[in-house]
Amino acid sequence: MPSIVTLISGRGSNFEAIVKTAQNEGWPVNFAGVIANHSAAKGLDFARSQGIPAFAIEHREHATRESFDAALMQKIDELGADLVVLAGFMRILTPGFIRHFEGRLINIHPALLPAFPGLHTHERALEAGVVEHGASVHFVTEGVDEGPIICQASVPVLPGDDADSLAARVLAAEHQIYPRAVKWFLDGRLRIVGNQVQVQPPESQLIKL
Ligand code: GRF
């Protein structure tokens with residue numbers, strides 16, 4: 001049975017959506033562990049409530065990014081991850097870490113990439129006046145929020161939206177596409193061709209909400 005290790009920094013609602021979907025649909029998968037970069041991350045409580053091993057590796061206790069990533073890498077390898085899921089993990093990962101897990105490291109970003117990489121995506125979408133916003137699940141490569149896109153969900157930007165209302169609409173979309181992307185990976189349906197991801201057999205890689 002394949003094993004998933006999830007990295008979080010906060011509330012972990014995406015992680016929760018993946019676990020609940022796996023439970024509801026009876027996926028043959030082992031949630032081998034959740035690791036947060038600080039012990040206050042709320043998502044660790046959910047993991048414990050589900051009997052999923054939960055760990056904190058405090059990034060502040062590491063003098064360098066390399067040393068933190070080395071500790072993280074060691075723990076993930078110990079847990080035997082076939083897939084590493086970044087779910088609101090707010091640390092930039094070193095090239096060495098990314099290379100080590102390349103092809104089995106995925107992330108969710110709250111924007112329709114390549115639009116709005118980086119932080120404060122909802123504020124920036126509103127400021128830019130776009131009429132459509134959303135979220136993307138992608139393989140992680142060395143550029144921040146770059147990497148082949150597995151699937152995206154788009155949501156409308158509505159009159160009167162502020163960053164919070166838009167974030168809530170995008171988050172609901174995230175909870176739909178992340179479990180779907182993970183399942184495709186586990187089922188061996190993803191093929192990376194250049195900078196694109198093909199799903200086989202083909203299925204829409206865009207959800208419009
Ligand atoms: C999500 O919006 C994710 O896209 C972003 O951080 C948020 C994490 O939320 N990178 P959660 O911890 O999964 O609830």
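Lys 75 and Glu 78 join their side chains in a salt bridge, with N and O 3.4 Å apart. The model that shows this pair is a predicted one. Both residues belong to helix α3, which spans residues 65-79, and they sit three residues apart, about one turn of the helix. Glu 78 is exposed, at 54% relative accessibility.

The salt bridges of the model number nine. Another of them connects Lys 208 and Glu 132, whose closest N and O atoms are 2.8 Å apart. Lys 208 is in strand β10 (residues 206-208) and Glu 132 is in strand β6 (residues 132-139), so this pair ties together parts that are 76 residues apart in sequence. The two partners fall into separate classes of accessibility: Lys 208 is exposed, with a relative accessible area of 57%, whereas Glu 132 is partly exposed, at 38%.

A further salt bridge is formed by the side chains of Asp 45 and Lys 42, with a distance of 3.5 Å from N to O. Lys 42 counts as exposed because its relative accessibility is 55%, and exposed residues are those over 50%. Asp 45, at 41% relative accessibility, is partly exposed. This pair does not stand alone, since Arg 48 is linked with Lys 42 and Asp 45 in a network of salt bridges.

Charged residues also gather without such pairing. Which residues make up the patch of negative charge on the surface? They are Glu 123, Glu 127, Asp 162 and Asp 164. A residue enters a patch of this kind only with over 30% relative accessible area and no salt bridge. Asp 162 has a relative accessible area of 41% and is therefore partly exposed. Its position is in the loop between β7 (149-156) and α6 (163-186).

Helix α6, which follows that loop, spans residues 163-186. Ser 165 is one of the residues in helix α6, and its relative accessibility of 27% makes it partly exposed. From Ser 165 to Phe 55 the separation is 110 residues in sequence and 32 Å in space, taken from C-alpha to C-alpha.

Glu 174 lies in helix α6 as well. Is this side chain buried or exposed, and which side chain of opposite charge is nearest? Glu 174 is buried yet has no salt bridge, and the nearest side chain of opposite charge, that of Arg 11, is 6.3 Å away. A salt bridge requires a side-chain nitrogen of Lys or Arg within 4 Å of a carboxyl oxygen of Asp or Glu. Apart from neighbours within four places in sequence, Glu 174 touches Asn 14, Ile 108, Pro 110, Ala 135 and Pro 179.

A buried residue of another kind is found in strand β1, which covers residues 3-8 and holds Thr 6. The relative accessible area of Thr 6 is 2%, and Thr 6 is buried because the limit for that class is under 20%. With neighbours within four places in sequence left aside, the contacts of Thr 6 are Phe 15, Gly 33, Val 34, Ile 35, Val 85 and Ala 87.

Methods
Residues are numbered from 1 along each chain as its sequence is written. This is a predicted model: local features need pLDDT of at least 70, side-chain atom pairs count only at pLDDT 80 or more; totals for chains, interfaces and linings use all residues. Side-chain values use heavy atoms; hydrogens and water are left out. Buried means under 20% relative accessible area, exposed over 50%, partly exposed in between (1.4 Å probe, protein chains only). Helices (H or I, at least four residues) and strands (E, at least two) are DSSP runs, numbered from the N terminus. Patches are made of residues with over 30% relative accessible area and no salt bridge: like charges are joined within 9 Å, nonpolar side chains (Val, Leu, Ile, Met, Phe, Trp, Tyr) within 5 Å. Accessible areas come from the Shrake-Rupley method with a 1.4 Å probe; for residues, only the protein chains shown count as cover. Lys and Arg count as positive and Asp and Glu as negative; His and the chain ends are not counted. The place of a charge is taken as NZ of Lys, CZ of Arg, CG of Asp or CD of Glu. Contact means heavy atoms within 4.5 Å.
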